[in-house]
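These are my notebook entries on a single chain. I record what I looked up, in the order in which I looked it up.

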Amino acid sequence: MTSIPTPHRYFIINKPPNMVSQFVSPDDVGLLGDLGFDFPEGIHAIGRLDGHSEGLLILTTNKRVTNLLFQGEVPHKRTYWVNVGHHVSDETLHKLRTGIGIQIKGGIEYVTAPCEVEIIPRPAILPPHSSESWEGVPNTWLEITLTEGKFHQIRKMVRTAGHRCKRLIRTSIEDLELGDLVAGGVKEIEENEFFRLLKIDNWK
């Protein structure tokens, strides 16, 4: 007798800092299982955030999503709020927008693709974080939208531009947005809506 496939499930979480995008690790780190949510069997993260970064992380039982989202012909936009030390000049904004050299795997020098970068007020929705408290040192909030995701790309971009990344929050992937989901919060999304928001048509 042929078994009926279990429907895939799709979630977003607001990953807090000091947590890796994994359920298992040999290291003594915060894990996705620490969120205390009853995720289904076979769940995994898509498009990981490093342990210090925060924000939108996709979890799903559908193994095709990684290829559809990050390895397809059409690049998908990802937007981040980025807090950096000191004031950011117009010249630096231009460098970040038009392409800046970073070092990638193998020690190769890579020039990033053009992206969208704007200075923004501190997002009121964000709870305070100790990384922002540098006494006497000014800081700037940026909104960066890009379509590529090299390892630690944004952190390397702002470092090359002469600024330290103090806080990094992913807020959206295409039209799939974090919204007002609190840190550590989990939200399940219906399958058709999930792919509509990600602007993926060839998922069936």
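Is Phe39 buried or exposed? I find Phe39 buried, at a relative accessible area of 11%; buried means under 20%, exposed over 50% and partly exposed in between, with a 1.4 Å probe and protein chains only.

Basis of the entries. I am reading a predicted model, in which local features need pLDDT of at least 70 and side-chain atom pairs count only at pLDDT 80 or more, while totals for chains, interfaces and linings use all residues. Residues are numbered from 1 along each chain as its sequence is written, and side-chain values use heavy atoms, with hydrogens and water left out.

Confidence. I noted a mean pLDDT of 91 for the chain, with 97% of its residues at 70 or more; pLDDT is the predictor's confidence in each residue, from 0 to 100. Confidence is lowest in helix α1 (residues 65-70), with a mean of 85, and highest in strand β7 (residues 116-120), at 98. Helices (H or I, at least four residues) and strands (E, at least two) are DSSP runs numbered from the N terminus.

Aromatic pairs. I searched the whole structure and obtained eight aromatic pairs. Rings of Phe, Tyr and Trp (its six-membered ring) pair if their centres lie within 6.5 Å; planes under 30 degrees apart count as stacked, over 60 as edge-to-face and the rest as tilted. Phe23 and Phe39 are one such pair, edge-to-face because their planes stand at 80°, with ring centres 5.7 Å apart. Both residues sit in the loop between β1 (10-15) and β2 (44-46), 16 residues apart, and the pair links distant parts of the chain. Phe23 is partly exposed, at 28% relative accessibility.

I turned next to Phe194 and Phe195, whose ring centres are 5.1 Å apart and whose planes are at 85°, so this pair is edge-to-face. Phe194 and Phe195 are both buried. With Tyr10 and Trp203 they form one aromatic cluster.

Charge over a ring. I found Lys150 over the face of Tyr110, 4.8 Å from the ring centre. The criterion is NZ of Lys or CZ of Arg within 6 Å of the ring centre and within 35 degrees of the ring normal.

Cysteines. How many disulfides does a search of the whole structure find? I obtained zero, a disulfide being a pair of cysteine sulfur atoms within 2.5 Å. For Cys115, the nearest cysteine sulfur belongs to Cys165, 14 Å away. That separation is too far for a bond. Cys115 is buried, at a relative accessible area of 11%, and Cys165 is buried at 12% relative accessibility.
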